[in-house]
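Let's walk through this structure together, with the sequence and the model side by side. The tour takes in charged pairs, a pocket, a ligand and a few single residues.

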Amino acid sequence: MAQFPKLLNDRLLRAARGESVDAAPVWVMRQAGRYLPEFREMRAEADFFKICQTPELACEITLQPIRRFELDAAIIFSDILVVPQALGMKVEMKPGVGPVFDKPLVNPGDIDRLTIPDVNTVLKYVFDAITLTRHKLEGKVPLIGFTGAPWTLMSYMIEGGGSKTQSKAKKWLYQHPEASHKLLKIITDVNVEYLVGQVRAGAQLLQVFESNAEYLGPVEFSKFALPCLIEINRRVKDKLVAEGLDIVPMTVFAKGAHYALAELGGSGYDVVGLDWTIDPTEARKLVGPNVTLQGNLDPCGLYAPSTDIEARVKMMVQQFGRDRWIANLGHGIYPDMDPESVETFVNSIHSHTKL
Ligand code: CP3
C-alpha cells in the first residue's frame with residue numbers, strides 16, 4: 001500500500017473506536033457542496049459526474065471545506081449513484097432537479113440489463129481521487145469513503161430519481177421479493193468490492209448511507225435492508241484482514257430508522273448515524289454502550305442565529321456526552337445555508353467539549 005503523510009488529527013478515528021478524545025470530532029454531511037461559493041464556481045463549468053470522474057477536481061472540492069473550517073474529517077467528493085452507473089445504468093445530475101436515470105428498472109427481467117462490473121476498473125477514478133486526496137490532505141484530517149446501502153440504491157434504480165413515496169421500489173418488495181433479494185445481492189457484492197477498494201486507495205473510515213430507510217418499517221427493513229448492511233460490514237472487514245490491511249471503522253447511517261436502532265447497535269458497525277428526529281439519550285439506550293453515535297443537529301438548525309446554534313450545541317454535548325460521539329448534522333447541509341453557520345457549529349462543538 002502507498003505511504004501517506006502521518007495523520008495529525010485522529011479524533012474521528014479515536015471516537016469511532018471508542019477511545020478517549022481531547023475534543024469531540026465534528027464533520028458535516030455534504031460539507032463539500034453548493035453552500036460554498038467556491039464549489040458553485042467549479043460546478044458552473046463542469047458536469048457533476050464529470051467532476052466525480054476527474055480525480056483532481058474531486059480532490060479539490062473535497063479540500064474546500066477543510067481549508068475553511070476546523071473540521072475533523074474530509075469525505076471524498078463523489079456520489080452514491082456512481083454504483084448504479086458502474087452497473088451499467090445511465091444517470092445524469094440535472095441542476096434544480098437532482099439525479100435522473102435514463103432507463104430505470106421496471107420489471108424483475110430488467111435486472112438482466114445490469115452488467116456486473118470489474119470494480120477496480122470501472123470505479124478506479126474514485127480510488128484515484130481518494131489516493132490523491134490522502135496525499136493532498138497532508139495528514140491534516142482522516143479521509144472518509146462511502147457508498148449507498150443496497151436498499152437505498154435499489155430504490156433509486158427503480159424510481160429513476162427522487163420520489164416522495166418510493167412506491168415503485170416498495171412494490172418490488174411486496175410483489176417480487178425474490179427478485180428484490182437478487183438485486184440487493186448484486187448491489188451488496190459490488191459495495192463490498194467498492195469499499196475494500198476505497199480502503200486500499202487510502203480511505204480511513206467508511207460510511208454506508210441508507211438514506212431511504214425512512215420509507216420502510218421494521219418488518220421490511222429487517223427482511224431487505226438490515227441483512228445487506230450486516231453482510232457489507234462483515235465481508236469488508238474480513239477482506240481487509242485477509243489482505244493484511246488495517247481494519248477501518250465503519251458507520252451506518254440509516255435515516256429515519258428509529259425502529260431499528262437496537263438492531264443497528266448490534267449490527268457490527270462501529271458507528272451508528274442518527275437523524276435529528278430522535279433524542280440522543282433515547283438513541284443511546286437503544287443502541288447500547290458499545291457503539292459510537294454520530295449526529296444529529298437538525299440541518300435547519302443552521303438557519304438559526306449563531307447564539308442559538310451554540311445553545312443547541314451545548315444541549316447536544318449534555319445529551320451525547322463527549323465520548324463515543326462524532327458530532328454532525330442529522331442529514332446533509334442545504335445549498336442556501338450560510339458557511340458562517342458551519343463555522344459556528346464546528347467551533348462550538350470543539351469549545352464545548354475541549355478537555
Ligand atoms: O458529503 C459530501 O460532501 C460528499 C459528497 C456527497 C454527495 N452526495 C455530493 C452531492 C455524498 C456523501 C453524497 C451522498 C448521497 N448522494 C446520498 C446519501 C446522503 C443523503 O443525502 O441522504 C444520496 C441519497 C445521494 C443522491 C443524490 N445526489 C441526490 C438525491 C442528489 C440531488 C439532491 C441534492 O442534494 O442536490 C444528489 C446531488 C449531489 N450529490 C450534489 C452534491 C454536492 C449536488 C449536485 C449539484 O451540484 O447539482
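Glu-19 counts as partly exposed, because its relative accessibility is 29%. In this predicted model, the side chain of Glu-19 meets that of Arg-17 in a salt bridge, with 3.2 Å from N to O. Arg-17 has a relative accessibility of 44%, so this residue counts as partly exposed too.

That pair belongs to a wider set: a search of the whole structure finds 17 salt bridges. Another of them joins Arg-11 and Asp-72, whose closest N and O atoms are 3.0 Å apart. Arg-11 sits in helix α1 (residues 11-16) and Asp-72 in the loop between α4 (55-68) and β1 (74-75), so this pair ties together parts that are 61 residues apart in sequence. Are these two partners buried or exposed? Both Arg-11 and Asp-72 are buried.

Further along the chain, Lys-237 and Asp-270 bring their side chains together in a salt bridge of 2.7 Å, N to O. Lys-237 belongs to helix α11 (residues 218-242), while Asp-270 lies in the loop between α12 (261-265) and β7 (271-273); the pair therefore ties together parts that are 33 residues apart in sequence. Lys-237 is buried because its relative accessible area is 12%, under the 20% cut-off. Asp-270, at 23%, is partly exposed. There is also a network to look for: Lys-185, Asp-189, Glu-231 and Arg-235 are joined into one by salt bridges that share partners.

Here are the three pairs described above, for easy reference.

| Salt bridge | N to O distance |
|---|---|
| Arg-11 and Asp-72 | 3.0 Å |
| Arg-17 and Glu-19 | 3.2 Å |
| Lys-237 and Asp-270 | 2.7 Å |

Now turn to the largest pocket, which holds about 1,300 Å³ of space. It is lined by 41 residues, and those closest to its centre are Arg-30, Arg-34, Asp-79, Met-93 and Pro-99. Which helices and strands each supply at least two residues of this lining? They include α2 (37-45) and α8 (150-159) among the helices, and β2 (91-94) and β3 (98-101) among the strands. By residue type, the lining of the largest pocket divides into 23 nonpolar, 11 polar and seven charged residues.

The ligand is a good next stop. How many residues surround the ligand? There are 21, and the closest are Arg-30, Arg-34, Arg-43, Ser-211 and His-331. Arg-30 and Arg-34 will be familiar from the list of residues closest to the centre of the largest pocket. In the side chain of Arg-43, an N or O atom is 2.6 Å from an oxygen atom of the ligand. The side chain of His-331 likewise has an N or O atom 2.6 Å from a ligand oxygen. For Asp-79, the partner is a nitrogen atom of the ligand, 2.7 Å from a polar side-chain atom of this residue.

Two more residues round off the tour. Ser-267 is placed in the loop between α12 and β7. With 5% relative accessibility, Ser-267 counts as buried, and its side chain reaches the backbone oxygen of Leu-264 at 2.6 Å. Asp-128 is part of helix α7 (residues 124-137). Its relative accessible area is 31%, so Asp-128 is partly exposed. Where Asp-128 and Gln-53 are concerned, 75 residues separate them in sequence, and their C-alpha atoms are 9.4 Å apart in space.

Key:
Residues are numbered from 1 along each chain as its sequence is written. This is a predicted model: local features need pLDDT of at least 70, side-chain atom pairs count only at pLDDT 80 or more; totals for chains, interfaces and linings use all residues. Side-chain values use heavy atoms; hydrogens and water are left out. On a 1 Å grid over the protein atoms alone, a cavity is a set of points where a 1.4 Å probe fits but cannot get out, and a pocket is an open set with protein on both sides within 12 Å along at least five of seven lines; lining residues have an atom within 4 Å of a point. Grid points are joined across faces, edges and corners, and a volume is the space filled by probe spheres set on the points. Helices (H or I, at least four residues) and strands (E, at least two) are DSSP runs, numbered from the N terminus. Ala, Val, Leu, Ile, Met, Phe, Trp, Tyr, Cys and Pro count as nonpolar, Asp, Glu, Lys and Arg as charged, and the others, Gly among them, as polar. A salt bridge is a side-chain nitrogen of Lys or Arg within 4 Å of a carboxyl oxygen of Asp or Glu. Buried means under 20% relative accessible area, exposed over 50%, partly exposed in between (1.4 Å probe, protein chains only). A residue is near a molecule or strand if one of its heavy atoms lies within 4 Å of it. A polar contact is a pair of N or O atoms within 3.5 Å; within protein, one must be able to donate a hydrogen and the other to accept it, and residues adjacent in sequence count only if both atoms are side-chain atoms.
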